[in-house]
Amino acid sequence: MAKMVRQFQVENPDVQVNMQIIPWGTYYDKLTLSLAYGGAPDVFILQAARFSEFASFHTIRPLADLYASAQPPLTAKQFAPVPWHESFYQGVQYALPLDTHPIGLYYNTKLFREAGIVDQNGKAKPPTNLTEFLDAAKKLTKDTNGDGQPDQWGFVITNQHSNWLTIAHQFGGDILTPDGKHGAMASAPCLQATQLMVDMIYKYKIAPKPEGVDAWLALRQGKAAMAMEGIYMLASLQEQPGLQFAGAPAPQFGPKQGVWGGSHLLCQPVGISPEHSRAGWRLMRFLSDHSLTWAEGGQVPARLEVKRSPQFTALPVQAQFARQIGYVVYDPQVPRANSLNQFVDPAIEAALLQLQTPEASMTDADRRINQLLARP
Amino acid sequence: MQAEAKALDSGSVSQSLSTRSAAGGRSGGWIGWLFALPHLILFFVFLLGPTVYGFFISLREWHVLAKQHPFVGLANYQAALSDDIFWIALRNTAYFVFLVVPLGNLVSLLLALGLGQVRRLQTFYKVAFYMPVVISIAVVAVLWQWLYNTQVGLLNLYLGTMVNGLRQLGLPLSAFQPIPWLSDPHWTMPSIALMSIWWGAGGNMILYLAGINNIPPDYYEAARIDGANAWQVFKSITWPLLRPTTLFCLVFSVLGAFQIFGQSYVLYGGGAGPGRAGLTLVLYMYQQGFSQYEIGYGAAIAYLLFAIVLAFTAVQFRLLSNREESRS
């Protein structure tokens, strides 16, 4: 991002950009306070999961006039449909979508070859459905030092939230009912998804219990063969010396396609001066036009011409993950989406740690979600 | 009886403070107020003002981003009381208080008693035991996170070595299974309590030590002449004469323990721990107010905690004043 902004400055010397990079841990605190009490930046990023919250309180500026006056024009045709759709809240467009960042399957090609999971050319062959996945994961789970405990795992659950939402959507479930008014985590499809994740740990024994294990580190260190993680984690694997890995679309476990993703959405604060707004739009437009640089860091660009460019399709992992862009699903688009996670994530964890049965933990979550949604 | 009252006068910090300020008010007139003014301003602006304003907020539906904050009466309180996570947080907090207050005070007392016997290097030990108190909880939690690590933590390493050593000596013990200190919900609160005791024991130790040093040596001398053993001395002299200090320490430990926040916040990265076992009331208040930005709801939780702590304090002060009355 810093590189892109520097380039923008060179090409647009009349616009002064002061960029601030804030870690995600404190980002929303700072942004929220600046939007509520003043001092908000002229251009900022919102993640898809937080977008509706800020839009619902009318803290971000509708962008219809800027899109309308864009030269050369910028329309839906230039964007992948899912992130484009995401830039609207209740029919009003509030954002310029920069990217989509779905999770996907990272797999250790060396371990795959050693286990004989290869195609005709002898190259590691990633699983595409549940049967292939379980088959591969069983072959890849090994007790190499003979102490009766596996020390190499076929699969690790590195992010319960994104993995659960992916599998739940593949079975046709979601956190909320389609009208967004009630919890739906105890619905049959969600329970099926939860049970499958529980079974991976306790029945098929292909994944470690998510307790006291650094699952991502296990993948990095070659002690786990597969994980479903975000495209944005790519750099972390590339840093690992000697790790041989590749990326593929997330396997399809249920009857439907679906994969959890997020988006970085470029927004402006409400109440911004027309002059700053126009200058900000030039920056936003520039970032969108040059999103290949952004994508190299581990993103799928929202702009179709960038996504189809030879430079992007040459990025091995990004291009694989980008194959999923048509069926990416987000967190629920309701004003209280962020607050839902205080019930969603602990419920998933409780089921995976067998603190509760999937039915009990999901029913608890639904009850709490309903209570929250009913609150003033 | 007289000796007890004397010990109370010199040993009880709260009493000596209140006596002094009352005397200042009588003799100084407006000059006294002038001296108190800087503190009063700070007190009103940064403590009383926000506290009252917090109550005002708790009666409203107040999202940080919202432009309007409609009055909702007691709806936030009602919502909190029917929110089962609020009760989980309260139960966890009560469990923590139950673990930390008696055990922590016992450790502080034992340290103070031990230090009372030390002739050489007493200051060194005092500083050493007091040291954790001055470390920020964030540092303590990060340190203990490593000690508690299930796979590579020092605590499991030592326990494992110890158990294996005992097994080699022929004791019928089963092989050591690493304890998931922070990742098993049953261990969560005891682990946090142990860490908190290590962190805070030095503070009360100083108070107990002051209390012990204020016991006139004649009593011990008399006891020695009568041939009392160490336990009898403790039971009949130290413990009863230390009671005001003990009560003071207990009251303030309870107040402090109810407000536990930093431990879980740092250990679980702002989360609630496995199965919400690390969720405490202040942490829940923080999550609602500053992560979900529902500060009306957060303020209501804060006031409920305030009511609980107030009730506890009232009971404890009642006990304290009863004791004083019975002595005078």
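How many buried residues are there among the nine residues of helix 10 of chain B? The count is zero, so to speak of helix 10 (residues 217-225) of chain B is to speak of a helix that is hardly covered.

## The model and its two chains

This structure is a predicted model. Chain A holds 18 helices and 11 strands. Chain B holds 15 helices and zero strands.

Burial can be stated for each chain in turn. In chain A, 48% of the 376 residues count as buried. In chain B, 32% of the 328 residues count as buried.

## Overall form of chain A

The C-alpha trace of chain A spans about 70 × 50 × 35 Å along its principal axes. The radius of gyration of chain A is 22 Å, which agrees with the value near 21 Å that a compact globule of 376 residues would have.

Contacts in chain A often link positions that are well separated in sequence: of the contacts with a separation of 6 or more, 73% are between residues 24 or more positions apart.

## Two domains in chain A

Chain A is divided into two domains, and each is written as two stretches of sequence. Domain 1 takes in residues 2-98 and 263-329, while domain 2 takes in residues 104-257 and 336-374. The centres of these domains of chain A, taken over C-alpha atoms, are separated by 29 Å.

Where the domains of chain A meet, 17 residues of domain 1 are in contact with 16 residues of domain 2. On the domain 1 side, the elements that give two or more residues are helix 3 (48-56) and helix 16 (316-322) of chain A. Helix 16 of chain A gives the most, with five residues. The residues on this side of domain 1 divide into seven nonpolar, seven polar and three charged.

## Helices 17 and 18 of chain A

How do helix 17 and helix 18 of chain A lie relative to each other, roughly parallel or roughly antiparallel? Helix 17 covers residues 337-352 and helix 18 covers residues 358-374 of chain A. Their axes come within 8 Å and cross at roughly 170 degrees. An angle over 145 degrees counts as roughly antiparallel, and therefore helix 17 and helix 18 of chain A are roughly antiparallel to each other.

Helix 17 of chain A contributes to this contact with residues including A:Leu340, A:Phe343 and A:Val344. Among the residues from helix 18 of chain A are A:Met362, A:Arg368 and A:Ile369. The residues of the contact divide into 11 nonpolar, two polar and two charged.

## Where chain A touches chain B

Between the chains, 20 residues of chain A are in contact with 22 residues of chain B. On the side of chain A, the elements that give two or more residues are helix 2 (24-37), helix 17 and helix 18. Which of the elements of chain A gives the most to this side? That element is helix 17 of chain A, with six residues.

The residues on the side of chain A that touches chain B divide into nine nonpolar, seven polar and four charged. Helix 17 of chain A thus appears both in the contact with helix 18 of chain A and on the side that touches chain B.

## A closer look at chain B

In chain B, 70% of the contacts between residues at least 6 apart in sequence join residues at least 24 apart.

Helix 10 of chain B, with zero buried residues, is followed by a residue with a positive phi. That residue is B:Gly227, just after the helix, and its phi is about 80 degrees.

Key: Residues numbered from 1 in each chain as written. Chains lettered and ligands numbered in written order. Predicted model: local features only at pLDDT ≥ 70, side-chain atom pairs only at ≥ 80, totals over all residues. Axes fitted to C-alpha atoms, helices over the stretch in contact; angles between N-to-C directions. Helix = DSSP H or I, 4+ residues; strand = E, 2+ residues; numbered from the N terminus. Parallel < 35°, antiparallel > 145°, perpendicular 65-115°, else oblique. Contact = placed C-beta atoms within 7 Å. Nonpolar A, V, L, I, M, F, W, Y, C, P; charged D, E, K, R; others polar. Domains from an automatic or database assignment. Buried ≥ 20, exposed ≤ 12 C-beta atoms within 10 Å, placed from the backbone. Rg over C-alpha atoms; globule rule 2.2 N^0.38 Å.
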